[in-house]
Each structure stands twice: as C-alpha cells, then as structure tokens.
Amino acid sequence: MSGIRRVLVVGGGVGGLTAATAFAQRGVEVDLIERRPAFDVPGVGLGQPANALRVYDAIGVLPELLADGFAYDRMHIFDPNRDLIVEHKFLLGDDVIPAFCALSRLRLHEILLAAALRAGVKVRLGLTVGEIHEEEQRVTVVLSNGQTESFDLLAGFDGIRSSIRQHLVGTAFEPRPSGYGAWRLQVARPDYVRGMEFLQGIGSKTGAMPLNDSLMYLFHIRPEAPNAIFEREDYPRLLKERLMQYGSYVAEVRESLDANSDIVYSPIEPMMLPWPWFRGRVVVGGDAAHTFPPHLTQGAAMAAEDAYVLANEVLSGDAPVQAGLAKYSMERYARCAFVYSFARQWMEDEQSVRTAQDLAVARSELALNASVRIGASDRILNTCIF
C-alpha cells in the first residue's frame, strides 16, 4: 500500500468526497475536513458525463445517481427563438453507462457524502488547515481548532480559492476573471426539453439541462465586468434584461422571474495549474488545480476523475509514493488541459457573436462543424482512465 495508512482530505465537494471514499474503500484511514460548519450546498445542477459516471460506478453509487437524475444522449444548438441549428448525439458511454445523467448539485452531494460515511470516512465540519509542516514521509498540520495531527498524505480538494494550492505555489497561479459570467436557476421543465440545449444569441448564450422529470436548470452566459458585484435583490431585474432577445421557454421563464426566484450568479474564472500538482506528501486536485468554462460540463467530472486516479496511483503496487504522485500529476494535467483549452475556445467563439450578421455566419458554421468538434471531444473524454 506504499506506506499510505492515513490521509487528510481537505474539502467536502465532489472531488473531496470522491477521493475520501476511494481511499477509504481500499482500507486507508481517512479524515475529511470542510471549512463550512454545515453542508449548505450552493449551486443549481450538474450534468455528469459518462467519464464521471464511470467513477461513480467504481465507488458504488451509480444506481442512485441514475435513479434520481435525468439521463440523455444528445444535445441541440438553437438560435435565440429555439429554431434548430444542429443536433449532436454524444459519442459517450456504453451499454451500461449513459452518455449523460444530470441531477441537482444537492442530491449529488448527498449521494457522495453517504458513500464516504459508509466507507468509514471521518467527516469533520467547520475546520481548516492553519499550518502545514512537510516531512520526508509525513505531513503534519495544525488545524483551525488548534489540534496538531500527522498524516501520510494531504489531498487538497478545497476549491477555487484553495489554501492548499497556495501552500504549494503561492499566488503564482490563481483564477482570474475572464470577463464572462454565468447566471443559473432551477425552473419547471417543459416536456420537450429532453437533453442539453444551447441557444446561441447575439452577445450571449442561454440554454437548459434537465435535472429530473419535473425540473431543469436554465443558464445564461455573457460578458460581465471583471469583479462585478451585483446585489441579490437586483438579480431578477438583471436576468430579465439579459434574456430579452430569447423566445420559447426562455421568454416564459423571463416573465416569471421575481423576488422569489432563486438565481445564482458567478463569474467564470478559468485556471490551469501546471504539473506537478504536488510537493512531498501534499497534493491538489479538482478546482484547486483547474477551473474551466462550463461548456463541456466537465468541472465536477474532472474533479471526480482526479480523486479516483489519485487513490489508484498512490496505492498501486510497491512504487514509491512520489512516483505515484508524479504519475497522477502527468496523467491528470494532460487530460484537464485539453478540457480547459477546448471549453475556453468554445466560450470565446460563442461570445464573439455580436451582430445579426455574426449570428448568420455562426449559424452556418455551427450547422457544418459543431457536431464534428463535439464528437472529437467525446472520443477523447470517453476513454477509460482507470
């Protein structure tokens, strides 16, 4: 087992819970700490592609996800009035694993947390790492409650503002505002929305993803001022203004927005940490190592893959821990860098549509090439990584 008997996982999101479960299921003693005093899970929904579903299958939770989520095998790109431009059938999944299954972020978290607890993970809330002292074969941490503890490995899956990443590289690599933002909310799902949808607009994109038989989440991506801060009471008015050009169900949602609408806004802040993602016995993964534009719906998927591959590489055979961490970093960097570059280019392309003439040109280009491009990504990401 390469001498790994006790692991500290920092962060209780998708990556952290998956990592904790993957280590614990192999007989490792795992402590997971989360800075929040309670798991008040923010966010709206997550589309989980086949590569993520394979990880969930490996840790034994796939049946729960499929029972509670909405599986689909294709996406459509429309114009602002929901007139079809192109349909793409995903080249993802197999006879057991569907191409996609989307569900609420809260439900995914509940499923992963339950799996971690079943595996024996000790979950401790309201804690952060205050100090990290690296030794040759151990890492000693001082927690925010004053306790000092030692572990064979510290795995930081502590999100976009990662303190563990900062310990490794300082402020050399941090998320930066891209100049774009994402608006999201859960709404009732019309029966005809049965897969992922993008509506290409002028100066923005809107779309939807089914979450279950009755709900979907609507998203809107557009240029926003870097570091823009909006008051929550203004969210309904601002989103109404931003959805003005769209028809079909988007127009219906727009008219329904009011002070009770649970709208989420976040800036898009891409970041790709160069490898190695470790030093000594301290390693990072998930949003601590990479954040992507949402266009390939691979953010949570890459975090889950990171987690499972990390446990596999560190615990496999008799290789030294450092060799396992180096292999993990190399494998994960290449795959995540592809997602980063592909998703960022897609975002830049769609957001370059600024006039009616641009939209006409984009419509022709998308009809010709969009499915080919997405298919190329499908073939890469459908390869099994464990």
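**Warm-up**

Look at Lys 205 first: Lys 205 lies over the face of Phe 198, 3.5 Å from the ring centre. Here a charge counts as sitting over a ring if NZ of Lys or CZ of Arg is within 6 Å of the ring centre and within 35 degrees of the ring normal. This is a predicted model, where local features need pLDDT of at least 70, side-chain atom pairs count only at pLDDT 80 or more, and totals for chains, interfaces and linings use all residues. Residues are numbered from 1 along each chain as its sequence is written, and side-chain values use heavy atoms, with hydrogens and water left out.

**Exercise 1. Find what sits over the ring of Phe 78, and how far it is from the centre.**

Solution. Go to Phe 78 and look above the ring: the charged end of Arg 82 is there, 4.5 Å from the ring centre.

**Exercise 2. Work out how the rings of Phe 198 and Phe 219 are arranged.**

Step 1. Grab the rule: rings of Phe, Tyr and Trp (its six-membered ring) pair if their centres lie within 6.5 Å, and planes under 30 degrees apart are stacked, over 60 edge-to-face, the rest tilted.

Step 2. The centres of Phe 198 and Phe 219 are 5.8 Å apart and the planes stand at 85°, so this pair is edge-to-face.

Step 3. Now place them: Phe 198 is in strand S14 and Phe 219 in strand S16, 21 residues apart, so the pair links distant parts of the chain. Strands (E, at least two residues) and helices (H or I, at least four) are DSSP runs, numbered from the N terminus.

Step 4. Check burial, where buried means under 20% relative accessible area, exposed over 50%, and partly exposed in between (1.4 Å probe, protein chains only). Phe 198 is buried at 4%, and Phe 219 is buried too, at 8%.

Step 5. Zoom out: both rings belong to one aromatic cluster with Tyr 217, Phe 338, Phe 342 and Trp 346.

**Exercise 3. Describe the sheet of seven strands and the helices on it.**

Step 1. Write down the order: S6-S5-S14-S15-S16-S13-S17, an open sheet with mixed pairing. Two strands pair if DSSP finds at least two bridges between them.

Step 2. Find the edges: S6 (84-89) and S17 (264-267) each pair on one side only.

Step 3. Zoom in on one edge: four bridges join S13 (residues 180-188) to S17, and the two run antiparallel. Ala 182 has Ser 266 as its bridge partner in S17.

Step 4. Add the helices, with contact meaning heavy atoms within 4.5 Å. Helix H6 (residues 235-242) lies across S13, S16 and S17, at about 100° to S13. Helix H7 (residues 248-256) touches S13, S14, S15 and S16, and makes about 90° with S16. Axes are lines fitted to C-alpha atoms, for helices over the stretch in contact, and angles run from 0 to 180 degrees between N-to-C directions.

**Exercise 4. Explain why Cys 101 has no bond to the closest cysteine sulfur.**

Step 1. Recall that a disulfide is a pair of cysteine sulfur atoms within 2.5 Å.

Step 2. The closest cysteine sulfur, in Cys 384, is 18 Å from that of Cys 101, which is too far for a bond.

Step 3. Try Cys 384 as well: its nearest cysteine sulfur, that of Cys 336, is 15 Å away, and Cys 384 is in no disulfide.

Step 4. Finish with the whole structure, where the search finds zero disulfides.
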